[in-house]
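Thanks for asking me to look through this one. Here are my notes, set out as numbered points so you can follow them with the viewer open.

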Amino acid sequence: MRRSKIIFDMDGVITGEECYWNAASLAVWELLFSPLYLGLEPAGELPRFKTALTPAEIASIRKTVFQEDKVIAFVKGHGVNSNWDLAFLTFGYQLVLLLKALAEKGLKGTAWSNEAGDAMDLEYLGALSRRALPGGWRPSFDAILSSWAGEARGAELARELASRLPGGYRKCGEQIFAYFSPLWEKVRDIFQEWYLGEEKYREFYCRKPSVPGKRGLIYDEKPLLPVEKITATLKKLLQEGWILGIATGRPLNELQPPLESMGIWELFDPDSIVTFDDVEKAEHSLKAKGKTICLGKPHPFPFLKAYWGRELGVEELISPAPRKPEPGRCWIVGDSPADLAAAREMGGCFIGVLSGHSGIAARPLFEKDGAAAVLPDLTFIPRYLSEVDGPTPKR
Ligand SMILES: [Mg+2]
């Protein structure tokens, strides 16, 4: 049976994350400055809210919101893999600062939340802030870079954020700042509107976007390396007998089009491709049985499923001691600490590539945590694997 696989993470390895980071910054900017939400007055270089933006305006918004990408590095450094969570935490931090300012003016924490305490009316909160804080309130985008998060990693960051709310706000804050809360879903929806644009958003979600007229950053996606180099590398690995798989946080509808336009989609084994949709489906099936588990990386589920394909069911894949691949038969290629943690857990050999956001700064971390190799980018993989001792791929 064919069993020797190389499973690739996508963003930072084959595809770039630039468009996702732009979408995340625009979602934060919209929630802060659109009259539909907080409706704050933009200051400095930030433009007023609108849906048609020039590349220079998008770059300027990202530069301010993410503080020349220091915020991206900060959030990723705390083991957060999803760019939806990046937008959610960045906006959430500003919300905490605003609620603190309102608490100092004596406003109660129940003034702006619904009865269930899990959603907030941002437009109403914006109006309250204009009344309570004459002169207006301004976001401090660099404040998130302080040491508030301590050792918190991944999902713990949102809980840490809720704990920083002033006393009267904390109870509803825990629900509001939970992942998959109505606020989290709002942030994700706005992110998706910017990323997909109006037409694709309607097509994928079968609903209208909250604001019409967004063009879609997906059309600006570019591969991380010249396509010819990526193609030649993958074809070489196929010739040598490896099966190529994918484990990505992207949904299928955001993975297949860019890989098809690069002409490399067909090179991957369909049964070895795991996307956000598979993770979401497995999470739902477990939830129906009363188990709430986040199966995205750093959980090993995406890599295990890409390796075992349809052979193992969800229950087997999440068991405390899932079946391990034979030594040397499963290689994982990733650019982030979340990839390395998941690869180690599932028993795969990890190749860290330095083509992701952290660049060469990722090298010491990969080396410290037991990566089998650290390579500049994926084009170095065929040569590395040909030099490694161990089983050659068998069909
Ligand atoms: Mg990545």
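The points below go from the overall fold to helix packing and then to some backbone details.

1. Please keep in mind throughout that this is a predicted model. The protein has 16 helices and six strands. Its C-alpha trace spans about 70 × 45 × 40 Å along the principal axes.

2. On overall dimensions, the radius of gyration is 22 Å, which agrees with the value near 21 Å that a compact globule of 395 residues would have. Buried residues make up 44% of the 395 residues. Looking at contacts with a separation of 6 or more, 66% of them come from residues 24 or more positions apart.

3. A good place to begin with packing is the pair α1 and α8. Helix α1 covers residues 18–33, and its axis comes within 8 Å of that of α8, with a crossing of roughly 125 degrees. An angle of over 115 but not over 145 degrees counts as oblique, and the two helices are therefore oblique to each other. The crossing of α1 past α8 is right-handed.

4. Which residues of α1 and α8 meet? From α1 come C19, Y20, A23, A24, L26, A27, E30 and L31, while α8 supplies V187, I190, F191, W194 and Y195. By class, this contact holds twelve nonpolar residues, no polar ones and one charged one. The charged residue is E30, because Glu counts as charged, and E30 is on the α1 side of the contact. As general background for reading such lists, an α-helix has 3.6 residues a turn, so residues three or four places apart point the same way.

5. Next, F88, which lies in helix α4 (residues 83–104). Is F88 buried or exposed? With 30 other C-beta atoms within 10 Å, F88 is buried, because the cut-off for a buried residue is 20 or more. Leaving aside residues up to four places away in sequence, F88 touches W184 and V187. V187 is also one of the α8 residues that meet α1. F88 and A27 are 61 residues apart in sequence, yet their C-alpha atoms are 8.9 Å apart in space. A27 in turn is one of the α1 residues in the contact with α8.

6. Helix α4 also packs with helix α6 (residues 156–163): the angle is about 10 degrees and the axes are 10 Å apart. That makes α4 roughly parallel to α6. Here L89, G92, Y93 and V96 of α4 meet L157, A158 and L161 of α6. The contact has six nonpolar residues, one polar residue and no charged ones. The polar one is G92, because Gly is put in the polar class.

7. The third pair to inspect is α12 (residues 301–308) with α14 (residues 337–346). Their axes come within 8 Å and cross at roughly 55 degrees. That makes α12 oblique to α14. The crossing is right-handed. P302, F303 and L304 on the α12 side meet A342, A343 and M346 on the α14 side. All of this contact is nonpolar: six nonpolar residues, no polar and no charged.

8. How many of the residues of α12 are buried? Eight of its eight are, and the helix is mostly covered. The buried set includes the aromatic-named positions F301, F303, Y307 and W308, and also K305. Just after α12, G309 takes a positive phi of about 60 degrees.

9. On the other side of α12, in the loop between α11 (276–287) and α12, lies P298. A cis peptide bond joins K297 and P298, with omega at about 15 degrees. That one deserves a look if you check backbone geometry.

10. Two further residues have positive phi without being glycines. Q67 has a phi of about 50 degrees and sits in the loop between α2 (55–65) and α3 (70–77). C206 has a phi of about 55 degrees and is found in the loop between α8 (182–205) and α9 (227–239). Their surroundings are given by the neighbour counts: Q67 is partly exposed, with 18 other C-beta atoms within 10 Å, whereas C206 is exposed, with 7.

Key: Residues are numbered from 1 along each chain as its sequence is written. This is a predicted model: local features need pLDDT of at least 70, side-chain atom pairs count only at pLDDT 80 or more; totals for chains, interfaces and linings use all residues. Helices (H or I, at least four residues) and strands (E, at least two) are DSSP runs, numbered from the N terminus. The radius of gyration is taken over C-alpha atoms; the globule rule is 2.2 Å times the number of residues to the power 0.38. A residue is buried if 20 or more other C-beta atoms lie within 10 Å of its own, exposed if 12 or fewer, and partly exposed in between; C-beta atoms are placed from the backbone. Two residues are in contact if their C-beta atoms, placed from the backbone, lie within 7 Å. Axes are lines fitted to C-alpha atoms, for helices over the stretch in contact, and angles run from 0 to 180 degrees between N-to-C directions. Angles under 35 degrees count as roughly parallel, over 145 as roughly antiparallel, 65 to 115 as roughly perpendicular and the rest as oblique. A crossing is left-handed if the near helix is turned anticlockwise from the far one by less than a right angle, and right-handed if clockwise.
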